[in-house]
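This report concerns one protein structure and describes a selection of its helices and strands. The sequence and model are shown first.

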Amino acid sequence: MRTHRQVLAESKAAHNHPTYSKMAFVMGCGVQGRGSGSSVLDENGRSFLALFDQYGNQSFGYSNERLIAALRDQLDLGVLNSTKIMFEEVQIRLTERLSELTGGRLPFAYLANGGGETIDNALKLARATTGRPKFVSARGCFHGKTFATLSASARPEHESLFGPFLERFELVDFGDVGQLAAAVDGETAAVLLEPVQAEAGVIVPPPGYLREARRLCDENGALLILDEMQTAFGRCGAFFAHQRFGVVPDIVCIGKAFGGGMLPISAVLGTEAVWETLRALPSTFGSSLGGNPLSCRIGLESIAIATEEEFLTGVGEKARVIGDRLARIVERFPELVAAHRGLGMMHGLEFHDDSIAGLVLGGLLAAGVTSTYSLYNTRVLRIQPPMVISEADLERGLETLEAVLTEAAAHRGRRDRPQAVTSPLTLRVRSAHPARQVLDLLRGRPYLLDPFAADPEAEATAEVEFRGTLGDDHVVWADRARRLEDGVALRADPCWLWASLERSVRVRQPVEDDGCELEIRIEWDTGSGGYESMIGGRIGFFVTRRLTDLVASLERTLEKEGRNEASRTRRPLP
């Protein structure tokens, strides 16, 4: 019988996102319930501590009381819908406050719904202001998923699906001043950068890099656009990350935390010169629901929280704790962790292989802690908790991470192997019992050595509905067993979870004694493309852990049946 969780996973796979559905199911994600602070419940009431703030969206935690109070105030006022023609006070107050945050250097702002929309607006402003066609961006960047923002990142896998991209985007290596200097010229409208590259794996620029970018833009008459979707609102220790680097951009884009994790709102902020295009052509921008009263009220309160001295002091203190602990983790687990990078409360642990990242991510979820990977570098685990996380919860989360890494190191086995156990997996084990005895047992109970069987003792049957397991989770799929001359073979029908899943056990008789050798082969493919290795790291953990128990159980069963057979043989005739 399918669990409620499986029913939802199948529906998500059928109607929304097949790969993300498989990943969430394999990693052990439950059905989301209520959240509060840095924790969220699943459908069973189990609490999960967040070591990741959902790409900046939950920077102020789940169900932040101040944000909910602001939302209720606006609802009580009854000013909820945007006329687009009347003066909307809360929107005007918000843009005024954004100007204050930049010390008046970027006095104008236009409000929209999300990051991609706002980055598009920034690119339009840059072309209109300079009259130039070219943009320079950095490899590994993530600016959104519109055509313009995908063009800025120019990833080959995206271009093969969606190309051709928009022209005149030139990429350079992030942090390389020489490449940037060669790329910025008289045709460059703007340089588009993240102060810290989040989805490339939390890449912090070298000292002076952003100041050099500012200088090169000034010398060539180009604009500097900074994408602060994930780095603003105090995440890096100041309200804007660019304040940490001592630069002032011509255009800055913000979002994510802006909406308090509840409502969509983003903004492009610009200088007086940049805003001239809106004077000349007022209809340049438009956003049907962008800057609506509810979103703007939440935006004002998010700014109020993120600008309080106590809040920013707390970010600094927790940033030091994260940095120190992760540095020690790198020293303790060099066979797992290749690098640690971060700024403020935005950090990443890079593993030697993305299968290890999947192994650790699943282990954290099993231990009641949530995190995720970097979108364009799945080897990197994100340590970016809500900024309101308590010191005690932060300590608990980091201790759990260390315990999971200890378990992962033990599972990985050999210290010289750079990845976790993944498909295909072949295991050879010796049995002290004759091949014929083992074969007879397996043919009657073909799932005895199947790590996916919820009931390994089940007898051979014509029914195809199979009660399976992934770790502690139960899952149902269609499965078929067949006898081989020297063993058994099991195969899942392709379904929402498996593109293919095959298991076989072959029994071979050694020459030198009466025992035998068993060759167990397990091969799976979830059809998850670039995420297959990461998902496979977690599946491999389930498989190897279960096989150890099943092999020991088989020997006990063979021993018991051997004793029973001997007893029947010795029984005297009546």
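The following paragraphs treat selected helices, a buried strand and an open sheet.

The structure is a predicted model, in which local features need pLDDT of at least 70 and side-chain atom pairs count only at pLDDT 80 or more, while totals for chains, interfaces and linings use all residues. Residues are numbered from 1 along each chain as its sequence is written, and side-chain values use heavy atoms, with hydrogens and water left out. Helices (H or I, at least four residues) and strands (E, at least two) are DSSP runs, numbered from the N terminus.

**Two helices and their spans**

The expected span of a helix is taken as 1.5 Å times one less than its number of residues. The table sets this value beside the distance between the end C-alpha atoms.

| Helix | Residues | Expected span | End C-alpha distance |
|---|---|---|---|
| α9 | 209-220 | 16 Å | 17 Å |
| α14 | 354-366 | 18 Å | 18 Å |

For α9 the two values agree, and for α14 they agree as well.

Burial is defined by relative accessible area: buried means under 20%, exposed over 50%, and partly exposed in between (1.4 Å probe, protein chains only). In α9, the buried residues include Y209, L210, A213, R214, L216 and C217. They cover an arc of only 165° around the axis, which puts them on the same side of α9; the arc is that of the directions from the helix axis to the C-beta atoms. D218 and E219, on the other side of α9, are exposed. The cover over the buried residues of α9 includes α8 (177-183), β7 (188-193), β8 (223-227) and α10 (242-245), where contact means heavy atoms within 4.5 Å. Just after α9, G221 has a positive phi of about 70°.

Helix α14 has 12 of its 13 residues buried, so it is largely enclosed by the rest of the structure. Among these buried residues are D354, I356, V360 and L365. G368, just after α14, takes a positive phi of about 85°.

**The α1 and α2 pair**

Helix α1 (residues 4-15) packs against helix α2 (residues 18-27) at an angle of about 155°, with their axes 7 Å apart. Axes are lines fitted to C-alpha atoms, for helices over the stretch in contact, and angles run from 0 to 180 degrees between N-to-C directions. The two helices α1 and α2 are therefore roughly antiparallel to each other, a term used for angles over 145 degrees. On the α1 side, R5, Q6, A9, K12 and A13 meet P18, Y20, S21, A24 and F25 in α2.

**Strand β10**

Five of the five residues of strand β10 (residues 266-270) are buried, so this strand is largely enclosed by the rest of the structure. S266, V268 and G270 lie on one side, with A267 and L269 on the other. Strands pair if DSSP finds at least two bridges between them. β10 pairs in the antiparallel sense with β4 (residues 108-112) over five bridges, and A109 has L269 as its bridge partner. Antiparallel pairing also joins β10 to β9 (residues 251-254), over four bridges, with G270 as the bridge partner of I251.

**The open sheet and α14**

Four strands form an open sheet in the order β11-β12-β15-β14, with antiparallel pairing. Its edge strands are β11 (337-343) and β14 (373-374), each of which pairs on one side only. Within the sheet, β12 (residues 346-351) and β15 (residues 377-383) pair over four bridges, and H347 stands opposite I383 in β15. Helix α14 packs on this sheet, touching β12, β14 and β15, and its direction makes about 35° with that of β15.

Definitions and conventions:
Angles under 35 degrees count as roughly parallel, over 145 as roughly antiparallel, 65 to 115 as roughly perpendicular and the rest as oblique.
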